[in-house]
Amino acid sequence: MSVLEQKGVVEILLFLLEEERAADISDMRKKLSIGHSALYSALGKLKKAGLIEEKKRREFPFNRFFSLTSKGKKVAEYLAEIERVLRE
């Protein structure tokens, strides 16, 4: 299965592109309609594909922040353009 076929992947990429900053899981859960399991699974696939990177806070609260890599930003920009064309 292609990483883009995974449930929630496209939504996460577009969300991170729009946010223009690292986002934690609680931000994503509030703003995206993706279930808990699907979110964690999609984040893992995106990380493995090199499209996002994860940074962990070393002190309480131990949040995990995710941001686009340069490769992920390119993919997200292409996806955003595709969505824009489809809306025309």
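In this predicted model, helix α4 comprises 18 residues and extends 26 Å from its first C-alpha to its last, close to the 26 Å expected at 1.5 Å a residue. Within α4, the residues Gly72, Ala76 and Leu79 are buried. Viewed down the axis of α4, these buried residues fall within an arc of 60°, so they line one face of the helix. An α-helix has 3.6 residues a turn, so residues three or four places apart point the same way. The buried residues of α4 pack against α1 and β3, whereas the face turned away from the buried side carries the exposed residues Ser70, Lys74 and Tyr78.

The packing of α4 (residues 70-87) against α1 (residues 9-19) can be described through the helix axes, which come within 9 Å and cross at roughly 100°. That crossing makes α1 roughly perpendicular to α4, because angles of 65 to 115 degrees are counted in that class. On the side of α1, the contact involves Val10, Leu13, Leu14 and Leu17, and these residues meet Gly72, Lys73, Val75, Ala76, Glu77, Leu79, Ala80 and Glu83 in α4. By class, the contact of α1 with α4 contains eight nonpolar residues, one polar residue and three charged residues.

Helix α1 also meets α3, and the axes of these two helices come within 9 Å and cross at roughly 70°. This crossing makes α1 roughly perpendicular to α3. The contact is formed by Val9, Ile12 and Leu13 of α1 together with Leu39, Ala42, Leu43 and Leu46 of α3. By class, the contact of α1 with α3 has seven nonpolar residues and neither polar nor charged ones. Leu13 of α1 is thus named in the contact with α4 and in the contact with α3.

Helix α3 itself (residues 36-48) has 13 residues, which at 1.5 Å a residue should span 18 Å, and its end C-alpha atoms are 19 Å apart, which agrees. The buried residues of α3 are Ala38, Leu39, Ala42, Leu43 and Leu46. Seen down the axis of α3, these buried residues fall within an arc of 130°, so they line one face of the helix. They pack against α1, α2 (25-31), β2 (52-56) and β3 (64-68), while the face of α3 turned away from its buried side carries the exposed residues Ser37 and Lys48. Following α3 is glycine 50, whose phi is positive, near 80°.

A positive phi is also found at glutamate 20, where the value is near 60° in a residue other than glycine. Most residues other than glycine have a negative phi. Glutamate 20 is located in the loop between α1 and β1 (23-24), and with a relative accessible area of 71% it is exposed, because values over 50% are assigned to that class.

Two residues of helix α2 were examined individually, beginning with methionine 28, which lies in this helix. Methionine 28 is buried, with a relative accessible area of 1%. When neighbours within four places in sequence are left aside, methionine 28 is in contact with Ile12, Phe15, Ala23, Leu39, Leu43 and Phe66. The C-alpha atoms of methionine 28 and lysine 48, which are 20 residues apart along the chain, are separated by 19 Å. Aspartate 27 is likewise found in helix α2, and with a relative accessible area of 17% it is buried, since the class covers values under 20%. Residues up to four places away in sequence not being counted, aspartate 27 touches Phe15 and Arg21. Phe15 therefore appears among the contacts of aspartate 27 and among those of methionine 28.

Arginine 64 is found in strand β3 and, at 31% relative accessibility, counts as partly exposed, because this value lies between the limits of 20% for buried and 50% for exposed residues. Apart from neighbours within four places in sequence, arginine 64 is in contact with Ala23, Asp24, Ile25, Tyr40, Glu54, Lys55 and Lys56. One of these residues, glutamate 54, is ten residues from arginine 64 in sequence, and the two are 6.6 Å apart in space, C-alpha to C-alpha.

Methods:
Residues are numbered from 1 along each chain as its sequence is written. This is a predicted model: local features need pLDDT of at least 70, side-chain atom pairs count only at pLDDT 80 or more; totals for chains, interfaces and linings use all residues. Side-chain values use heavy atoms; hydrogens and water are left out. Axes are lines fitted to C-alpha atoms, for helices over the stretch in contact, and angles run from 0 to 180 degrees between N-to-C directions. Helices (H or I, at least four residues) and strands (E, at least two) are DSSP runs, numbered from the N terminus. Angles under 35 degrees count as roughly parallel, over 145 as roughly antiparallel, 65 to 115 as roughly perpendicular and the rest as oblique. Contact means heavy atoms within 4.5 Å. Ala, Val, Leu, Ile, Met, Phe, Trp, Tyr, Cys and Pro count as nonpolar, Asp, Glu, Lys and Arg as charged, and the others, Gly among them, as polar. The expected span of a helix is 1.5 Å times one less than its number of residues. Buried means under 20% relative accessible area, exposed over 50%, partly exposed in between (1.4 Å probe, protein chains only). The arc is that of the directions from the helix axis to the C-beta atoms.
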